[in-house]
Amino acid sequence: MEEIVRVDNLSFCYPDGQQALTDISLTIHQGGTVALVGPNGAGKSTLLLHLNGILRSNGVVKVFGRTVDDKNLKWLRSKVGLVFQNPDDQLFSPTVFDDIAFGPINIGHSETEVRESVTRALDGVGMTGYEQRSPHHLSVGEKKRIAIATVLAMNPEILVIDEPTANLDPGSKWSLIGLLERLPMTKIVASHDLELVQALCQRTIILDQGKVIVDGATEHILADIPLLVAHGLAPPEAD
Ligand SMILES: Nc1ncnc2c1ncn2[C@@H]1O[C@H](COP(=O)(O)OP(=O)(O)OP(=O)(O)O)[C@@H](O)[C@H]1O
Ligand SMILES: [Mg+2]
């Protein structure tokens, strides 16, 4: 299987001095879905933001063999679609249509292609008919779906999603899990939702205090309750 993401000895400190990642190394191969789990503040979002060059630091991040740098950001973002944890960071246009059309217009697609991409992306997230709504007046769960649609419209080869099911009701959550399952590209998903992890991800990486704690088969990791409890991922079992 082709290695499509490589992270070597990546450490990152926010400008205020907060150390968020320490010496992270991992590789991701083509196909399948990888879960990134860990407690609040573990560094999951910070790591994902490195995968499409929004954050950069010492250490190496390579995508399809190319080191992420200033010169290849446009190329990188056509390959890696990132859905932010907070949809308000992704949605900025007056209408849902404009938000989803933004990416396809930017890469020079024709009006017909743009319309088709918007229709397909909205259908994919179960939001057909929302084209003229204002993204700012949607519920949090609806915003999350539209944020995913903005990324799907670009047909990325790697889909990186931060907390896809946060704020979704159970019906919406399982329909989103079904949607993600049907998408053919490689997926990297940060989540606290172990039901999603179990349903979607063959591999799980636990991150805690900016470090990789364990990286292995999801079925083994989810079966290790003491490990999950130690990293804030499961309630301690009652005595
Ligand atoms: N903009 C920022 N400036 C300073 N520190 C930050 C910033 N964003 C995050 N941090 C800090 O970096 C660390 C990692 O945060 P990050 O958001 O990556 O965690 P996370 O695993 O995604 O958590 P959550 O589960 O709450 O989403 C935390 O200690 C956090 O306080
Ligand atoms: Mg986060």
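In the predicted model, ligand 1 is surrounded by 14 residues, of which N40, G41, K44, S45 and T46 are the closest. By residue class, this shell comprises four nonpolar, eight polar and two charged residues. Among the elements of secondary structure, helix α1, which spans residues 44-51, makes the greatest contribution to the shell around ligand 1, supplying three residues.

Several polar contacts to oxygen atoms of the ligand were identified. An N or O atom in the side chain of T46 is placed 2.5 Å from an oxygen atom of ligand 1. A polar side-chain atom of N40 is found 2.9 Å from an oxygen atom of the ligand. In the case of G43, the backbone provides the atom: one of its N or O atoms lies 2.9 Å from an oxygen atom of ligand 1. The ligand taken alone exposes 640 Å², and 67% of that area is buried by the protein.

Helix α1 also contains L47. This residue is classed as buried because its relative accessibility is 3%, below the 20% limit for that class. When neighbours within four places in sequence are set aside, L47 is in contact with L10, L21, I24, L26, L36 and L207. Of these contact partners, L207 falls within the residue range of strand β9 (203-208), and L21, I24 and L26 fall within that of strand β2 (19-29). A further spatial relation concerns K187, which is separated from L47 by 140 residues in sequence, while the C-alpha atoms of the two residues are 14 Å apart in space.

Strand β2 belongs to an open sheet of four strands, arranged in the order β2-β1-β4-β5 with antiparallel pairing. The edges of this sheet are formed by β2 (19-29) and β5 (66-67), each of which pairs on one side only. Strand β4, covering residues 60-63, runs antiparallel to β5 and is joined to it by two bridges. Within this pairing, V63 is positioned opposite R66 of β5.

The loop between β4 and β5 includes F64. The phi angle of F64 is near 45 degrees, a positive value in a residue other than glycine. With a relative accessibility of 18%, F64 is counted as buried, since the class takes in values under 20%.

A second antiparallel pairing involves strands β9 (residues 203-208) and β10 (residues 211-217), which are connected by six bridges. One of the paired positions is I205, whose bridge partner in β10 is D215. Together, β9 and β10 form a hairpin in which two residues lie between the strands.

Q209 is located in the loop between β9 and β10. Its backbone also adopts a positive phi, near 50 degrees, and Q209 is likewise a residue other than glycine. The relative accessibility of Q209 is 68%, and the residue is therefore counted as exposed, the threshold for that class being over 50%. The two loop residues with positive phi thus fall into opposite classes of accessibility: F64 is buried, whereas Q209 is exposed.

Terms used: Residues numbered from 1 in each chain as written. Chains lettered and ligands numbered in written order. Predicted model: local features only at pLDDT ≥ 70, side-chain atom pairs only at ≥ 80, totals over all residues. Heavy atoms only, no water. Near = heavy atom within 4 Å. Polar contact = N/O pair within 3.5 Å; in protein donor to acceptor, adjacent residues only side chain to side chain. Areas by Shrake-Rupley, 256 points an atom, 1.4 Å probe, with all protein chains shown as cover. Nonpolar A, V, L, I, M, F, W, Y, C, P; charged D, E, K, R; others polar. Pairing = 2+ DSSP bridges. Buried < 20%, exposed > 50% of the residue type's maximum accessible area, 1.4 Å probe, protein only. Contact = heavy atoms within 4.5 Å.
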